[in-house]
Amino acid sequence: MSSLWSGVPRELRRSVLLVTLAVALVGVAYGVTATANGFVVWQIVLLAVVVLAGSAELLFVGMVGVGASPWLALGASLLLNLRNVVYGMAASPLLRGWQRWVGAHLVNDETVALAAAPSGPRAAVGPVRTLAERRTTFFLTGIGVAVGWPVGAVVGATLGQVVPEPEAWGLDAVLPALLGALAMPAIRSGSTVAVAVLAGAIALVATPHVPLGLAPVIGLAAVAVLLVGRDGDAGGAGGARDGLVTS
């Protein structure tokens with residue numbers, strides 16, 4: 001472990017520790033939420049160890065907790081985790097041989113973000129990180145997540161058993177707040193804000209008319225609306241360009 005630690009660039013060591021702590025704290029919230037939604041300790045821990053995908057697990061236990069079909073919750077969680085396909089492609093150059101089998105389980109937002117972190121505030125003047133340094137950062141961050149998340153889940157599950165009414169403590173708001181916090185960094189451009197607002201509106205309208213838990217999935221139709229709008233704009237722009245060329 002000491003060799004792994006020394007292999008991480010000095011300026012990233014603090015980030016690795018903070019990420020581990022943050023993941024453990026979110027794991028506590030996950031454990032409390034899962035317990036409040038009827039999951040038993042072994043189920044919570046099994047999900048935390050085997051799935052190791054915080055946002056997907058939070059979505060799964062949240063949807064099941066409000067009465068959605070487990071299969072629907074599974075589908076929504078898999079959809080949410082599709083981003084890991086892209087993360088895996090980004091992490092692939094760092095891994096060789098058996099490392100791919102182990103590393104595949106550790107691919108997530110935190111490990112890829114720190115492994116791919118720029119070399120400094122201005123990458124052009126910062127020290128160039130070697131492949132070995134990025135690989136070590138990936139694995140050490142992954143170990144922190146793989147340990148911190150289940151440990152936090154166990155603490156949360158234990159805490160959830162001694163808090164009879166989580167809603168009285170406001171803990172029932174933890175899941176939507178966490179999912180919102182996870183989504184906020186991705187909502188930057190005008191188009192993503194438009195999709196988020198439209199998806200929320202669709203989900204609100206659909207909620208009274210569909211089974212519990214299905215409304216957020218239907219809200220994903222907002223992505224299709226945006227893509228159709230972009231195609232229309234591109235077509236219009238193309239037509240305008242053609243008109244300029246032929247005029």
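**Group meeting talk: a pocket, a core and a helix**

Okay, let's begin with a pocket. Leu-47, Val-51, Ala-56, Glu-57, Phe-60, Pro-70, Trp-71, Leu-74, Ser-77, Leu-78 and Asn-81 line the second largest pocket. Keep in mind that this is a predicted model. The space in that pocket comes to about 190 Å³. Which helices each supply at least two residues of the lining? Those are helix 4 and helix 5. Helix 5 gives the largest share, with 5 residues.

Now let me step back to the whole chain. We've got 247 residues, and 34% of them count as buried. The protein has 13 helices and 0 strands, so if you read along the sequence you just get α after α. Take the contacts between residues at least 6 apart in sequence: 68% of those join residues at least 24 apart. As for the outside, the protein exposes about 14000 Å², and carbon and sulfur atoms supply 73% of that.

On to the inside. The largest nonpolar core has 35 residues, and the ones touching the most other members are Tyr-30, Ile-44 and Phe-138. Which elements give two or more residues to this core? They are helix 2, helix 3 (41-50), helix 4 (54-65), helix 5 (70-80), helix 8 (109-115) and helix 9 (131-162). Helix 9 puts in the largest share, 7 residues.

Let's zoom in on Phe-138. Leaving out residues up to four places away in sequence, Phe-138 touches Ala-91, Leu-94, Leu-95, Gly-103, Leu-106, Val-107, Thr-111, Val-112 and Ala-115.

Here's a polar residue I'd like you to look at: Gln-99, which sits in helix 7 (residues 98-106). Is Gln-99 buried or exposed? Its relative accessibility is 16%, and buried means under 20%, so Gln-99 counts as buried. With the same sequence neighbours left out, up to four places away, Gln-99 touches Leu-94, Ala-104, Arg-135 and Phe-139. You'll have spotted Leu-94 in both lists: it touches Phe-138 and it touches Gln-99.

Last stop, helix 2. How far apart are its end C-alpha atoms? They are 41 Å apart. Helix 2 runs over residues 10-36, which is 27 residues, and at 1.5 Å a residue it should span 39 Å, so the two values agree. After helix 2 comes Gly-38, and its phi is positive, near 95°. If you're scrolling along a helix on screen, one general thing helps: an α-helix has 3.6 residues a turn, so residues three or four places apart point the same way.

That's my tour, thanks.

Definitions and conventions. Residues numbered from 1 in each chain as written. Predicted model: local features only at pLDDT ≥ 70, side-chain atom pairs only at ≥ 80, totals over all residues. Heavy atoms only, no water. Helix = DSSP H or I, 4+ residues; strand = E, 2+ residues; numbered from the N terminus. Expected span 1.5 Å × (residues − 1). Core = buried A, V, L, I, M, F, W, Y, C linked by side-chain atoms within 4.5 Å. Buried < 20%, exposed > 50% of the residue type's maximum accessible area, 1.4 Å probe, protein only. Contact = heavy atoms within 4.5 Å. Areas by Shrake-Rupley, 256 points an atom, 1.4 Å probe, with all protein chains shown as cover. 1 Å grid on protein atoms, 1.4 Å probe; cavity = no way out; pocket = protein on both sides within 12 Å on 5 of 7 lines; lining within 4 Å. Points joined across faces, edges and corners; volume = space filled by probe spheres on them.
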